[in-house]
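Here is a short report on one molecular model. Keep the sequence and the structure open while reading.

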Amino acid sequence: MMRILLFLLTNIAVLVVASIVLSVLGVERYISSSGLNLTSLLIFCAVFGFTGSIISLLLSKKMAKWGSKAQVIEQPRNHKEQWLLTTVQELANDAGIKMPEVAVFPAHEANAFATGWNKNDALVAVSSGMLDRYPPDEIRAVMAHEIGHVANGDMVTLTLIQGVVNTFVMFFARIAGYAVDQFLRRDEEGEGSVGWGYYIATMVFEILFGILASMIVMWFSRYREFRADEAGARLAGKGAMIAALARIQSEHEVSHMPDTMVAFGIRRGRKSSFGELFSSHPPINDRIAALQKL
């Protein structure tokens with residue numbers, strides 16, 4: 001229920017903020033009697049494209065906590081939680097960032113994630129299963145991997161890339177939709193307006209362009225996993241990082257992490273039916289091979 005409420009509130013916030021920004025910028029209707037006003041259209045798409053991704057970034061910690069049911073460690077309840085806090089503090093100091101919030105989320109599978117709107121106000125979390133089963137040096141390596149994500153500013157960069165992608169998907173979808181609508185119109189009545197063909201075609205092109213654009217986002221997601229692995233190896237040792245990945249690979253449980261958090265986890269869930277181009281994580285074998293070359 002909370003996730004549904006958050007989804008609705010986020011969308012309402014996007015509409016309200018975007019409307020205000022558009023009014024302040026004085027952006028006129030991008031469809032006029034002379035056709036499409038490409039400048040107004042681009043501004044319109046950029047505002048909506050970036051507003052959604054930025055709001056999602058600002059809410060990312062809350063969304064992550066609610067979605068994964070992660071419990072932030074305020075006061076350690078046992079020696080494992082105390083060790084985890086101490087370990088993350090040491091890794092954060094070594095990486096040159098402020099101490100992030102540290103949380104544990106209920107899951108038997110081995111997984112972890114990092115999120116937050118900037119590297120000095122982040123959240124790192126580990127599954128209870130990993131904390132219970134994995135040896136300390138491998139947990140440390142996994143936490144170093146997540147700290148690497150934070151120190152590299154991956155959440156902000158991913159948000160900017162998503163904003164650019166959103167902008168151009170909306171922009172070209174509307175141009176294509178307008179072209180289809182004008183082709184289907186057989187008279188000049190209502191010149192400067194559009195019919196149902198525009199809205200239907202725009203929706204179809206947004207879906208098609210969105211699928212293609214997601215390959216760019218997923219490519220960056222895979223690329224940043226290699227960078228985070230390198231950071232993990234640098235902070236916790238290459239051997240420990242490789243051992244942790246190998247142990248994760250050996251466990252074949254299906255991931256129950258919420259879809260919205262899969263891209264931030266150290267391991268992916270099931271392989272995407274669309275193939276590797278649409279996968280947020282590279283194969284673990286490839287990640288181990290890359291570490292071995294360091």
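The sections below cover annotated sites, helices, salt bridges, nonpolar cores and one backbone outlier.

## Model and annotated binding site

The model is predicted. Where does the UniProt annotation "binding site" fall? In an unreviewed entry, UniProt assigns that annotation to H145, H149 and E225. These residues span 81 residues in sequence, yet no two of their C-alpha atoms are more than 8.5 Å apart, so they gather at one spot.

H149 belongs to helix α6, residues 136–151. Its relative accessible area is 1%, so H149 is buried. Beyond its neighbours within four places in sequence, H149 contacts A114, D154, M155, R224, E225 and A228. E225, itself one of the annotated residues, is thus on the contact list of H149. E225 sits in helix α8. At 0% relative accessibility, E225 is buried as well.

## Helix α8

Helix α8 covers residues 196–236. Does its length come from a regular rise, and what do the numbers give? At 1.5 Å a residue, the 41 residues of α8 should span 60 Å, and the end C-alpha atoms are 58 Å apart, which agrees.

α8 still has a bend of about 25°, placed at I211. After the helix comes G237, with a positive phi near 105°.

## Annotated transmembrane regions

The same kind of record supplies three further spans. The UniProt annotation "transmembrane region", from an unreviewed entry, covers residues 39–59, 155–176 and 196–220. In residues 39–59, the end C-alpha atoms lie 30 Å apart, and the span is 95% helix and 0% strand. In residues 155–176, the end C-alpha atoms lie 31 Å apart, and the span is 100% helix and 0% strand.

L57 links two of these regions. L57 lies in helix α2, residues 38–58. With a relative accessible area of 12%, L57 is buried. L57 and M155 are 98 residues apart in sequence, and their C-alpha atoms are 7.4 Å apart in space. Setting aside neighbours within four places in sequence, L57 contacts G116, W117, M155, V156 and T159. M155 is also in contact with H149.

## Salt bridges

Side chains of opposite charge can pair when their charged atoms come close. How many salt bridges does the model hold? The count comes to twelve.

One of them joins the side chains of E81 and R77, at 2.6 Å from N to O. Its partners differ in exposure: E81 is buried at 4% relative accessibility, whereas R77 is exposed at 68%. Another pairs E225 with R224, at 3.8 Å from N to O. Both E225 and R224 are buried. This E225 is the residue named in the "binding site" annotation.

D229 and R287 form a further salt bridge, with the closest N and O atoms 2.8 Å apart. D229 lies in α8 and R287 in helix α11, residues 284–292, so the pair ties together parts that are 58 residues apart in sequence. D229 and R287 are both buried. Elsewhere, salt bridges with shared partners join K61, K65, E101 and D121 into one network.

## Nonpolar cores

Which residues touch the most other members of the largest nonpolar core? They are L84, M130 and M143, in a core of 38 residues. Helix α6 gives this core its largest share, seven residues. H149 of the "binding site" annotation also lies in α6.

M143 touches L84, V88, L91, A112, A125 and V126, leaving out residues up to four places away in sequence. Another core lies apart from the largest one. That second core has ten residues, among them L41, C45, M170 and Y178.

## A positive phi at K69

Most residues other than glycine have a negative phi. What is the phi of K69? Phi of K69 is near 60°, a positive value in a residue other than glycine. K69 lies in the loop between α3 (60–68) and β3 (71–72). Its relative accessible area is 61%, so K69 is exposed.

Methods:
Residues numbered from 1 in each chain as written. Predicted model: local features only at pLDDT ≥ 70, side-chain atom pairs only at ≥ 80, totals over all residues. Heavy atoms only, no water. Helix = DSSP H or I, 4+ residues; strand = E, 2+ residues; numbered from the N terminus. Buried < 20%, exposed > 50% of the residue type's maximum accessible area, 1.4 Å probe, protein only. Contact = heavy atoms within 4.5 Å. Salt bridge = Lys/Arg side-chain N within 4 Å of Asp/Glu carboxyl O. UniProt positions renumbered as here; feature names shortened; annotations may be inferred. Expected span 1.5 Å × (residues − 1). Bend = angle between axes of the 7 residues up to and from the residue. Core = buried A, V, L, I, M, F, W, Y, C linked by side-chain atoms within 4.5 Å.
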